[in-house]
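Hi,

Here is the structure I promised to pass on. Have a look at it first, and my notes on what turned up are underneath.

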Amino acid sequence: MRTVEEHLAACLAAVSPLAPVDLPLLDALDCVLAEDVVATGSLPAFDGSAMDGYAVRHGDVASASVDTPVSLPVVADLPAGVREVAPLAAGAAARIMTGAPVPPGATAVVPVEDTDGGVATVLVRRAVREGLHVRRAGEDVRPGTTLVSAGTRLSARQIALLAAVGRERARVLPAPRVAVLSTGSELVDPGRPAGFGQVVDANSTALTAAARDVGAHATRVGIVDDDPQRLLAVLEGQLSGADVLITSGGVSAGAYDVVKEVLSRLGTVEFHRVAMQPGMPQGLGLLTRGPHSVPIFTLPGNPVSAYVSFEVFVRPALRRMLGEAELHRPTVVATATQGWSSPPGKRQFTRAVVSSDDDGRLRVRPASGPGSHLVFGLAGANALAVTGEDTTSVEPGDVVRCMLLERGRR
Ligand code: AMP
Ligand code: MG
């Protein structure tokens with residue numbers, strides 16, 4: 001039997017980050033940047049007004065007050081977007097709007113609220129210090145500044161900066177394309193009537209959703225029944241369009257466990273028993289046909305086993321492909337309010353609910369019984385409580401480490 005660490009290491013070794021691509025900024029959202037983006041110009045690009053008002057030489061209005069306003073001729077009208085700006089002569093004012101270039105010679109902007117708003121001449125009712133309400137060229141970004149470093153996952157905030165400096169595209173690690181299929185002759189699609197002995201396929205939808213949640217472009221291929229030739233044909237048909245294949249079912253020791261049967265014959269996919277519960281039977285390898293060679297994860301069929309296997313092995317591997325530095329879920333320690341038993345020799349991942357008490361201390365309770373078919377408890381869980389191979393029981397009051405199953409890529 002393999003340890004969880006051994007199998008996880010094999011899963012991570014089976015994948016590598018995809019080759020970077022140039023994407024339009026909006027398509028690069030949530031992708032990891034594959035280049036240092038360095039500023040070539042300044043931000044702001046020119047001295048501009050931060051207020052609607054009047055550009056002046058501050059010395060000309062030094063004596064201005066409500067009782068002793070200073071009158072200046074208005075020699076220009078400068079809306080945002082004006083392309084030519086003449087120097088401001090001494091003793092004059094230019095009406096100026098937020099975002100317009102401040103004329104050479106002007107040293108401050110008097111807000112319109114501190115004037116009479118005049119068009120031909122303006123009465124200034126308040127003195128201003130040098131530089132007031134002027135946004136200096138380069139005060140935000142200077143040429144040569146590293147704006148966003150390689151390895152950063154692009155959020156709307158970094159995209160704002162890249163757009164502001166005029167970048168249209170960014171070089172990023174693309175999202176892996178993931179094809180997900182379920183195996184089992186008992187399975188029917190959601191929405192179809194399930195007759196006696198049939199089971200609705202939860203896994204392909206669940207694993208596709210989980211892969212999308214990580215940030216992959218995941219496609220639900222659907223159900224393949226337990227027929228070795230058909231399964232191989234469907235898998236091979238996915239090879240040219242996928243960077244990762246995920247299957248569920250058919251990897252235990254049953255007579256019709258065709259995934260194991262057909263893929264172990266190829267010699268490039270290995271099947272292991274991993275010392276964990278749920279999720280003991282795992283398969284991993286490369287599926288190759290012609291020029292295409294794609295990592296394949298074959299997960300056990302019980303829905304909870306499939307999901308936990310995804311969390312423990314596939315999600316970190318997909319995050320590696322996405323270029324994420326942190327591969328794993330955040331964990332917390334919480335105090336058990338209820339006990340449960342844990343199998344000796346196996347690491348147990350218990351569907352759990354973590355909450356905080358009135359004093360902000362974290363507590364944890366199982367979300368359901370341990371059966372790997374119990375999806376109701378899975379839906380109610382927000383964490384997986386992780387207990388070690390040596391643990392045989394968790395008692396109320398014990399401190400347990402929990403993986404937090406938060407939504408999204410973080
Ligand atoms: P297997 O790993 O194929 O032996 O399946 C183990 C158990 O999980 C069986 O009870 C299957 O019916 C069930 N199962 C397998 N695949 C799925 C699926 N896609 N959705 C729901 N249950 C499944
Ligand atoms: Mg099966």
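Let me start with a proline: P278 sits in the loop that runs between β18 (276–277) and β19 (281–289). The peptide bond leading into P278 from Q277 is cis, with omega near -5°. Before going further, bear in mind that this is a predicted model, so please read everything below as computed from predicted coordinates.

There is another cis peptide bond to look at, this one joining L43 and P44, where omega is about -15°. P44 is in a loop too, between β2 (37–38) and β3 (48–49).

While you are in that part of the chain, check the backbone at D30. Its phi is near 75°, which is a positive value in a residue that isn't glycine. You'll find D30 in the loop that links α2 (25–28) and β2.

Now for the ligand. Where does ligand 1 sit? It is in the largest pocket. Around ligand 1 there are 17 residues, and the closest are E186, D201, A202, G250 and G301. Sorted by class, that shell comes out as five nonpolar, nine polar and three charged residues.

As for polar contacts, here are three to click through:

- S182: an N or O atom in its side chain is 3.3 Å from a nitrogen atom of ligand 1.
- G250: the backbone provides an N or O atom that lies 2.9 Å from an oxygen atom of ligand 1.
- N302: a backbone N or O atom here is 3.2 Å from an oxygen atom of ligand 1.

How much of ligand 1 does the protein cover? On its own, ligand 1 has 480 Å² of accessible area, and the protein covers 77% of that. If you want to see which elements give two or more residues to the shell, they are β12 (177–183) and β14 (199–200).

One thing from the records as well: UniProt has an unreviewed entry whose annotation "domain: MoaB/Mog" covers residues 179–320. Over residues 179–320, the chain is 34% helix and 32% strand. The C-alpha atoms at the two ends of that stretch are 17 Å apart.

If you only have a few minutes, I'd go to the ligand first and then to the two prolines, P44 and P278.

Cheers

Notes
Residues numbered from 1 in each chain as written. Chains lettered and ligands numbered in written order. Predicted model: local features only at pLDDT ≥ 70, side-chain atom pairs only at ≥ 80, totals over all residues. Heavy atoms only, no water. Near = heavy atom within 4 Å. Polar contact = N/O pair within 3.5 Å; in protein donor to acceptor, adjacent residues only side chain to side chain. Areas by Shrake-Rupley, 256 points an atom, 1.4 Å probe, with all protein chains shown as cover. 1 Å grid on protein atoms, 1.4 Å probe; cavity = no way out; pocket = protein on both sides within 12 Å on 5 of 7 lines; lining within 4 Å. Sits in = over half its atoms within 2 Å of the grid points. Helix = DSSP H or I, 4+ residues; strand = E, 2+ residues; numbered from the N terminus. Nonpolar A, V, L, I, M, F, W, Y, C, P; charged D, E, K, R; others polar. UniProt positions renumbered as here; feature names shortened; annotations may be inferred.
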